[in-house]
Structures are given as C-alpha cells and as structure tokens.
Amino acid sequence: MRLILADDAVLLREGLIRLLEDAGHEVVAAVGDAGALLAAVDEHRPEVAVVDVRMPPTHTDEGLRAALEIRSGRPEVGVLVLSQYVEKTYAARLLSGTGVGYLLKDRVSEVGEFLDALERVRAGGTVLDPEVVRQLLARTSHADPLARLSARERQVLEHLAQGLANTAVAERLHVSLSTVEKHVNAIFDKLELPQHADYNRRVLAILRYLDD
C-alpha cells in the first residue's frame, strides 16, 4: 500500500521506512511535523497515514489534530496513530469514524501485528491497542453506563474495541460463538443501543462513552 509517515523522531521514522519497504509497501513521504503531514497527504493521496501524537512545535497534540483534519477532509485516507501516549479527548473523536487505529509504539516491536493493523485500517476497520482501550473505557463515576456490564461483558467489549470479529473473540476467550453473540447483545441492551439501520451498534458501544 502507499503510506505516509509523520514522526519527528528520525531514527524511528527511518526504522519504520525500512520495515514497511521490506514488507512490500511504498512510503511516499516521511515528515516530521503536522503541517508537512497535511501537505504530503494532499500531494500524494496515500492509502494510510501513520501519525505520531506529539510533534513540533509544541509537542502536545499536533499529530492527533492533524489526523482529525485528514479524516474530515480526506476520509478515504486511513489513519493509524502510533504514540507513546493515550490522548483521550482527541482519540475518542478520531475513533468515532472508520479506517482508523491507535497503537502504542511498543507494538512496533510486534511486526506482524503492526502490519496487520495497517491492512485493517486500509480496509476501513478500526484497530485499538488493548492499553488504549483500557484507558478510554476507564470510568470512576457510579453513573457510568459501563458499570452495568458484567466482567465478562467488559472483556468482550474490550476485544470488540480491538477490531476483532465475534469468532475471533470466541477464540480469545475460549467460549462458543453463540456465547459471544449473547454477550454482545447484552452489551447493546445495557448501553441502550437499539437496532437502527443508520448506525453501527458495535462502533457506538465502543465509542459512546469514551469522551471524559
């Protein structure tokens, strides 16, 4: 696939270029700040942009804000955020769409998982690092709708948030497919997500209460 990399850490950027090219992908641009990222997306029209969260000039959230701009202006471009941090507010907004992912940089050491995540994002899927899911789903309020879920239902929801299909969740949890389907339907009911043709309840179940 055609990719753009945006990370101000030169060594990581060069390492990713080599990894991706060795896997048969084409890195059409590699940049170090959000402005250059947006310009490169407009120029090269990649299939996926791999974006760091914290880039110059302030090293706070430039990457995520650029990712949101890409998803708004060029929704055909997939975005995979690769960061050392979980930035909850912007992450929840970004992940309300499809063709997006958020992985922590430690995942790059697991090459197969990283390359698989890229493919899933390009195909329009949603990919979330388990630690990102854990932090986004964390709640302290007793009124939290997620508090209605059983421990097993929360496990199922966490696996759904990683982009897994029901069959894959069943394999991970060593239960039957019908058991997973029952848990998923219970999650929809407890989070008050009725069947509606215009909405994807799986996505809503993951994202509805993410924004603290």
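Leu 5 stands opposite Ala 30 in strand E2, and I would like to start from that pair, bearing in mind throughout that what we have here is a predicted model. In the same strand, E2, the bridge partner of Arg 2 is Glu 26. Both pairs belong to the connection between strand E1, residues 2-6, and E2, where five bridges join two strands that run parallel. As for its surroundings, E1 is mostly covered, with four of its five residues buried.

Stepping back from that pair of strands, we come to an open sheet of six strands, which are paired in parallel and follow the order E2-E1-E3-E4-E5-E6. Its edges are E2, at residues 26-31, and E6, at residues 126-128, each of which pairs on one side only. From one strand to the next, the twist averages 15 degrees.

Now, which strands does helix H3 lie across? They are E3 (48-51), E4 (78-83) and E5 (100-104), and the helix runs at about 170 degrees to E4. H3 itself covers residues 62-73, twelve residues in total, and from its first C-alpha to its last it reaches 16 Å, which is close to the 16 Å expected at 1.5 Å a residue. The buried residues in H3 are Glu 62, Gly 63, Leu 64, Ala 66, Ala 67, Leu 68, Ile 70 and Arg 71, so that Glu 62 and Arg 71 appear in that list alongside leucines and alanines.

Let me turn to a pair of helices further along the chain, H8 at residues 166-173 and H9 at residues 177-190, which pack at an angle of about 110 degrees with their axes 8 Å apart. Since angles from 65 to 115 degrees count as roughly perpendicular, H8 and H9 are therefore roughly perpendicular to each other. On the H8 side the contact involves Asn 166, Thr 167, Val 169 and Ala 170, and these meet Leu 177, Val 180, Glu 181 and Val 184 in H9. Sorted by class, this contact has five nonpolar, two polar and one charged residues.

Finally, a word about Ser 96, which is found in the loop between helix H4, residues 88-94, and E5. What is Ser 96 in contact with, once its neighbours within four places in sequence are left aside? The partners are Val 203 and Leu 207. As for His 159, which is 63 residues away from Ser 96 along the chain, the C-alpha atoms of the two are separated by 17 Å.

Key:
Residues are numbered from 1 along each chain as its sequence is written. This is a predicted model: local features need pLDDT of at least 70, side-chain atom pairs count only at pLDDT 80 or more; totals for chains, interfaces and linings use all residues. Side-chain values use heavy atoms; hydrogens and water are left out. The expected span of a helix is 1.5 Å times one less than its number of residues. Buried means under 20% relative accessible area, exposed over 50%, partly exposed in between (1.4 Å probe, protein chains only). Two strands pair if DSSP finds at least two bridges between them. Axes are lines fitted to C-alpha atoms, for helices over the stretch in contact, and angles run from 0 to 180 degrees between N-to-C directions. Contact means heavy atoms within 4.5 Å. Angles under 35 degrees count as roughly parallel, over 145 as roughly antiparallel, 65 to 115 as roughly perpendicular and the rest as oblique. Ala, Val, Leu, Ile, Met, Phe, Trp, Tyr, Cys and Pro count as nonpolar, Asp, Glu, Lys and Arg as charged, and the others, Gly among them, as polar.
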